[in-house]
Amino acid sequence: MAGRKNAAAQALPAGGRKTGLLHNTWKNRTLVFMVMPVVILLILFNYIPMFGLTVAFKDFNYVDGILKSPWVGWKNFKFLFSMKDLSWRMLRNTVGYYLLFTAVGTVLNVALAVALNRCGNAYFKKYSHAVMILPTFLSFIAVTYITDCFLSHNTGMLNALLESLGKERVRWYAEAKYWPFILTLVSTWKGVGYGAVMYLSALSGIDQELYEAADLDGANGWQKVRYIEIPMLVSMICIITLLGVGGIMTSNTGLFYQVTKDSSLLYETTQTIDTYVLKTLVGGVTDFGPSTAVTLFQSAVGCGVCLLANWGVRRISPENALF
């Protein structure tokens, strides 16, 4: 009996207090109560609706409902891939724009953050933060009107400029070849400020002793950026990229559907999987099986790519992996 008491005493931490999941939960009950509303909303809006994914494998109808609708197996998925030209175009545009936006956005975010971090004027830096982050809060309805002010055939600023230079007006909403550049420009303008602020917050946490040591070694500004700031941002770049890579099969419908005004003449370079699903639902289609199959396919591929990317990062640099 005495041996058991000694063993129990040795198992207790310093101070003799008990530890465990329930004990730690009660000890941090204030934080638990604060996070509970978020957890409840996450369960209600992110996990419970996942039951509806069964519609992807059913011939859904309102009379029978989700539970009693007949199973059709992979029929809804075959519908997506039976449209060879259309499915390839949507897949190419979806993945291509994601890679393009990610590459351009990351480079510009880091460059802008480094430039502001090197700025010595504190007032200008704070003013720049407010100006850069403003487009993030604009709705895509507002962005659509702003874009139209530039691209409208009759009253657009770009066509007025072209006409003043003696060139013909361009029907921007009828020429698909211009829109990869236009969409990249709009996406970058709307999101680069917020991304730069996130990277700037990481730069503000760099130990000033590193800069002092670099000054003693005679390092110039570019060398400080190359050997101090960029290496400090690598971890954050990896994490943000890994968190976003799960959305490789998705696209912003506000950008690709509203900004382009859903012009059928632009589908060659603007139609993505999400805009196709949205157009199908807006068109009054009551067969939700194929649409659900498309979204399930997007989620499954995104999850797989995220796991694969994290595995690759963990093999190269374990400290930068998510898990």
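This is a short dialogue on reading some features of a predicted model.

Q: What kind of model is this, and how are residues numbered?
A: The model is predicted: local features need pLDDT of at least 70, side-chain atom pairs count only at pLDDT 80 or more, and totals for chains, interfaces and linings use all residues. Residues are numbered from 1 along each chain as its sequence is written, and side-chain values use heavy atoms, with hydrogens and water left out.

Q: How many helices and strands are there in the protein?
A: Helices (H or I, at least four residues) and strands (E, at least two) are DSSP runs, numbered from the N terminus. The protein has 16 helices and zero strands.

Q: What does the radius of gyration say about the protein?
A: The radius of gyration is taken over C-alpha atoms, and the globule rule is 2.2 Å times the number of residues to the power 0.38. For 323 residues that rule gives 20 Å; the protein has 26 Å, well over that value, so it is more spread out than a compact globule. The C-alpha trace spans about 95 × 70 × 35 Å along its principal axes.

Q: How many of the 323 residues count as buried, as a percentage?
A: Buried means under 20% relative accessible area, exposed over 50%, and partly exposed in between (1.4 Å probe, protein chains only). In the protein, 31% of the 323 residues count as buried.

Q: Is Glu229 buried or exposed?
A: Glu229 counts as buried because its relative accessibility is 0%. Its place is in helix α12, residues 221–245.

Q: Which residues is Glu229 in contact with?
A: Contact means heavy atoms within 4.5 Å. Leaving aside neighbours within four places in sequence, the contacts of Glu229 are Val114, Asn117, Arg118, Leu203, Ile206, Tyr211 and Lys224.

Q: Which side chain shares a polar contact with that of Glu229?
A: A polar contact is a pair of N or O atoms within 3.5 Å; within protein, one must be able to donate a hydrogen and the other to accept it, and residues adjacent in sequence count only if both atoms are side-chain atoms. The side chains of Glu229 and Tyr211 are joined by such a contact, of 2.9 Å.

Q: Where is Ser69, and what does its side chain reach?
A: Ser69 sits in the loop between α4 (65–68) and α5 (75–82). At 2% relative accessibility, Ser69 is buried. Its side chain reaches the backbone oxygen of Gly65 at 2.3 Å, and a polar atom of that side chain lies 3.4 Å from the backbone nitrogen of Asn61. Not counting residues up to four places away in sequence, Ser69 touches Lys58, Asp59, Phe60, Asn61 and Asp64.

Q: Why look at the sign of phi?
A: Most residues other than glycine have a negative phi. Here Lys261 has a positive phi, near 60 degrees, and Asp262 has a positive phi near 50 degrees. Lys261 is in the loop between α13 (253–258) and α14 (267–270), and Asp262 is found in the loop between α13 and α14. Lys261 is partly exposed, with a relative accessible area of 43%.

Q: How far apart in space are Val35 and Leu91?
A: Separation can be given in sequence and in space. Val35 and Leu91 are 56 residues apart in sequence and 38 Å apart in space, C-alpha to C-alpha. Val35 is found in helix α3 (residues 29–47) and is partly exposed, at 39% relative accessible area.
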